[in-house]
Amino acid sequence: MLNLILETLKKENIAVWKVKKTLRERAELYFIRKQLDMPRYAVVPEYEVSIYRDFEENGKAMRGLSVCYVDEGQTQEEISAKIQAAYFAAQFVKNPFYELADAICEPYKESTSNLRGMDIKSAASALADAFLSIEDDGIAFVNSLEIFVRRTEVEIIASNGLHVSFGSDKIDGEFVTQCVKPIDVEQYRQFSYDNLDAEALKQKIATAIEDVRRRANAKVAPKTGTYNILLTGENVATFLEYYCIRSHASTIFPGYSTWKKGDKVQKDGSGEKLNLDLVATTPYSADGVAMKDLPLLRDGVLQNIFGPTRFMRYLGEQPTGDFTKLRVEGGTMKFEDMKSEGTLETVSFSDFQMNAFTGNFGGEMRLCLLRENGKDIPLTGGSINGKMQDVEDKLIFSTEKYEDGSYCGPYAVLIPNVPVAGI
Amino acid sequence: MKVGSSRYLMEKKPVFKKLLDQLLARYSYASVIASDVVSKNYNISGRGINIGEQNGFGKRAFTVRVYDNGGYAEYSSVTITEDDFESVLKTIEESLKASRAYNRMATPVSDDEKLAFCKSTDYEIDPVELGDEAIINRLAQLREKGKAMDERIMDVTCRFNFQRYHKIFLSKNRDLEQNVLFTDAAVVMMARKGAEIKTSYKSCSCLGGAEVLDQVESFLPITKNTVIDLLSAEPLTPGEYDCICSPSVTGMIVHEAFGHGVEMDMFVKDRALAKQYVGKRVASDLITMRDGACTGYDDVATFFFDDEGTVAHDTLVIDKGILVSGYADEVSAKRLGVEATGNGRRESVDHKAYTRMTNTYFVEGNDELDDMIASIKDGLLLDEPSSGMEDPKNWGIQCMVSFGREIKDGKLTGRIFSPIVLSGYVPDLLQSISMVGKTVEHAGSGFCGKGHKEWVKVSDGGPYIKARIRLG
């Protein structure tokens, strides 16, 4: 199919193009309590064809792009029609000229995951077996679980000679824990791993079962006021997205963010200086750029901007590709020491959000723990509504670490004086 | 004009039928759903121009479902020839063999009642015929007009999407075909205040074609006024307020706060408090709620059959405050012993079907907006929903809106507060509804996720409502 697309591009005299072939294989298992709801298996090839068209507009060089998707099994006549339509559309995409990603040509890069070489259906079964081996007391347990094991093969070819390919393997999914006494409650959790690690999933489930047990004993929302808030786990990553989005080339190019390399983007204050790195999780970006880890902040100063080829070229920067994982260095205080009297530890939200354009962050708390008289009092409900610009100079990170598919760094961050709407 | 059939699906249908015959020779039930989708996005902003096909939400794909050992299994891919039959059958058998190692959740098999039809939706202007140039030029003109409205506007984004999809569903007794076209459009304006960027948007959608673009120009002054007002927005003092919710905020409450809780796959999992409230009061008697792909309020989630081959319904969910029924995909309905309501939907045909909402809304009441505002001594008019998350088990609310306009002594004062988080307990909010506007407005410019994934097109809405809500 790929050869047919390449032949058709030649036949249609398309001078500048890029083809990205992605073959996705998914093994899926769905459980309700400990019973199998449904097994699913999917093999889905995809051919993304980017058609570029160079032209001048008022004496200025332009490069229009229109993307089309060719389906497996389409005839050359059908592919020609798609390519012609995309080439036609590209003349109306009046974007300034930019060069494609550098023309690297490298051999296939194999996934380093321990899933490589393993049948993904067997990997899904191994996770299911681990889950089923967890004993529960019938009061707090896993209500439902969805397991996805994904194998992806990517090949990117472009008219400038770029040719790269790689494989990747990933496990992700979600589960809901339930505790039926004294109040029937539940909590939602996601998981994501690059390697088959059944013990990690078992541990995550065990922690979630204890959390839901605590939620079942939480009766009221916190009182309205301002609190020192402890954000934990994946919510720390969401909180720090503020810095990633504001240093993304597609945000800087149109002026939505005014950040530049070398800017001190974190205010000085009593808190820890931020040291952030973007972590490459695939060998090549969607544009075919070779990915490597990139320093983002050092002591609160912006080291690099990042993003896809078009915007990075516009800004005079070497394309870096997009990143989906953040690493945070540092952490100076033990988690237990962060929990001073009156601190609110947010264990889970219905959906914690950060608006990087305004700096507002918040969400409704499904479970939080108020430290009162040296004890953790479980509370539920109420919402926090803070602003990054008001707190970024006072952040303290834990020495304990946490890692998932999109974050690696301190387990918790202490944020002072955050407004909470409660009872 | 009616949306025509897919030539691809018509050519492939005999192949799918042969595959189905082979599956039925092995299994007591088998079905095939196949799709052919054309979808395109047009977008213009300070980031540049984009015209391109959209992927992820639809493509040529198919799913085979078979019944074995008291439950279903599925296999999905993109296309098939007779040469592929052997490997498809082998993969399905392997999958079933592996699943026999587990206890299966008991699932009665589909009734598979005899039915055959081919139906199509209507449109006025075919986006493909209108053409890329005309569409992007129109968006560009709207953008320029928006930018010229106020020098504090730093950028305007205008977008238009269309999706034309064709689906066939085949089983032993069913031979269904549907052809659907829907569109949506939006304007987003941005203005800067120091390190902050304020945004405001307005969107629309329709079951139809590019005629939706006719609505967009009227959005420009509204969006401009809001984003400029947001430059002077203040943080809200947390507390409980008398609120008037705009139709879009009403839609978010309908969908996020209550609607997810009556998706009946949640009843099967014992994840929905609503299961215990069927036949009981959950809202004030001013509230009636409906969901369905054929409710009469046509929008982006209107169709003729769902992704399990169940015919579309119009479901009465709440009748004058009393919870009457949830909505269900076929598998959940069978497990619960109730009728499937045509709510089994997939992100795209190669994904799993879950119970999903379609077009969901509160029906109209008898109050005028002016009277509703006049009735509030100290409160807020909430508008522009930004996000929401369901909590079907405990009916906690998490909804965020961009802003609230202050009402004092029955009048809007001009003060604006932003952002605002709605929280509290769903039945408390619904039972506090004391006034309901006369006109239902609905839109489907966004997507709905199941948890944090499986995005499908839905619409929601309702009239203005007055309620008491905890805000932060």
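User: Let's start with A:Lys387 and B:Glu196: are they buried or exposed?

Analyst: Both A:Lys387 and B:Glu196 are buried. Keep in mind that this is a predicted model.

User: And what do their side chains form?

Analyst: A salt bridge, with 3.0 Å from N to O between A:Lys387 and B:Glu196. This one runs between chains: A:Lys387 belongs to strand S16 (residues 383-387) of chain A, and B:Glu196 to strand S8 (residues 196-207) of chain B.

User: How many salt bridges are there over all chains?

Analyst: The whole-structure search turns up 85. When you read one, check the N to O distance, then the elements that are joined, then the accessibility of each partner. Take A:Arg213 and A:Asp137, whose closest N and O atoms are 2.8 Å apart. Their salt bridge links distant parts of the chain, 76 residues apart: A:Arg213 is in helix H4 (residues 198-216) of chain A, while A:Asp137 is in the loop between helix H3 (120-132) and strand S4 (140-158) of chain A.

User: Why do A:Arg213 and A:Asp137 count as partly exposed?

Analyst: Partly exposed is the band between under 20% and over 50% relative accessible area. A:Arg213 counts as partly exposed because its relative accessibility is 25%, and A:Asp137 because its value is 43%.

User: What about B:Arg143 and B:Asp155: how far apart are their closest N and O atoms?

Analyst: They are 2.8 Å apart, and the two residues form a salt bridge. B:Arg143 sits in helix H4 (residues 132-147) of chain B and B:Asp155 in strand S6 of chain B, so parts twelve residues apart in sequence are tied together. Here both ends are buried: B:Arg143 has a relative accessible area of 10%, and B:Asp155 has 1%.

User: Which residues are linked in a network of salt bridges?

Analyst: One network links A:Arg26, A:Glu28 and A:Arg40 with B:Lys59, B:Arg65, B:Glu74, B:Glu308, B:Arg346 and B:Asp350.

User: Now the cysteines. How many disulfides are there over all chains?

Analyst: First the general idea: a disulfide is a covalent bond between the sulfur atoms of two cysteines. Over all chains, the count here is zero. For B:Cys243, the nearest cysteine sulfur is that of B:Cys245, 6.0 Å away. B:Cys243 counts as buried, because its relative accessibility is 0%.

User: Why is B:Cys294 not bonded to B:Cys118?

Analyst: Because the sulfur atoms are 17 Å apart, too far for a bond, even though B:Cys118 holds the closest cysteine sulfur to that of B:Cys294. B:Cys294 is partly exposed, with a relative accessible area of 37%.

User: On to the empty space. How many cavities of 30 Å³ or more are there?

Analyst: Seven. With a cavity, look at volume, then lining, then residue classes. The largest cavity has a volume of about 260 Å³. Its lining has 26 residues, and those closest to the centre are B:Gln163, B:Lys167, B:Arg345, B:Arg346 and B:Glu347. The lining splits into twelve nonpolar, seven polar and seven charged residues.

User: What is the volume of the second largest pocket?

Analyst: About 890 Å³. There are 37 lining residues, with A:Gln74, A:Lys82, B:Val38, B:Glu53 and B:Arg164 closest to the centre. Elements giving two or more residues to this lining include strand S3 (60-70) and helix H2 (76-90) of chain A, along with helix H1 (7-26) and strand S1 (29-45) of chain B. By class, that lining has 13 nonpolar, ten polar and 14 charged residues.

Key. Residues are numbered from 1 along each chain as its sequence is written. Chains are lettered from A and ligands numbered from 1 in the order in which they are written. This is a predicted model: local features need pLDDT of at least 70, side-chain atom pairs count only at pLDDT 80 or more; totals for chains, interfaces and linings use all residues. Side-chain values use heavy atoms; hydrogens and water are left out. On a 1 Å grid over the protein atoms alone, a cavity is a set of points where a 1.4 Å probe fits but cannot get out, and a pocket is an open set with protein on both sides within 12 Å along at least five of seven lines; lining residues have an atom within 4 Å of a point. Grid points are joined across faces, edges and corners, and a volume is the space filled by probe spheres set on the points. Helices (H or I, at least four residues) and strands (E, at least two) are DSSP runs, numbered from the N terminus. Ala, Val, Leu, Ile, Met, Phe, Trp, Tyr, Cys and Pro count as nonpolar, Asp, Glu, Lys and Arg as charged, and the others, Gly among them, as polar. A disulfide is a pair of cysteine sulfur atoms within 2.5 Å. Buried means under 20% relative accessible area, exposed over 50%, partly exposed in between (1.4 Å probe, protein chains only). A salt bridge is a side-chain nitrogen of Lys or Arg within 4 Å of a carboxyl oxygen of Asp or Glu.
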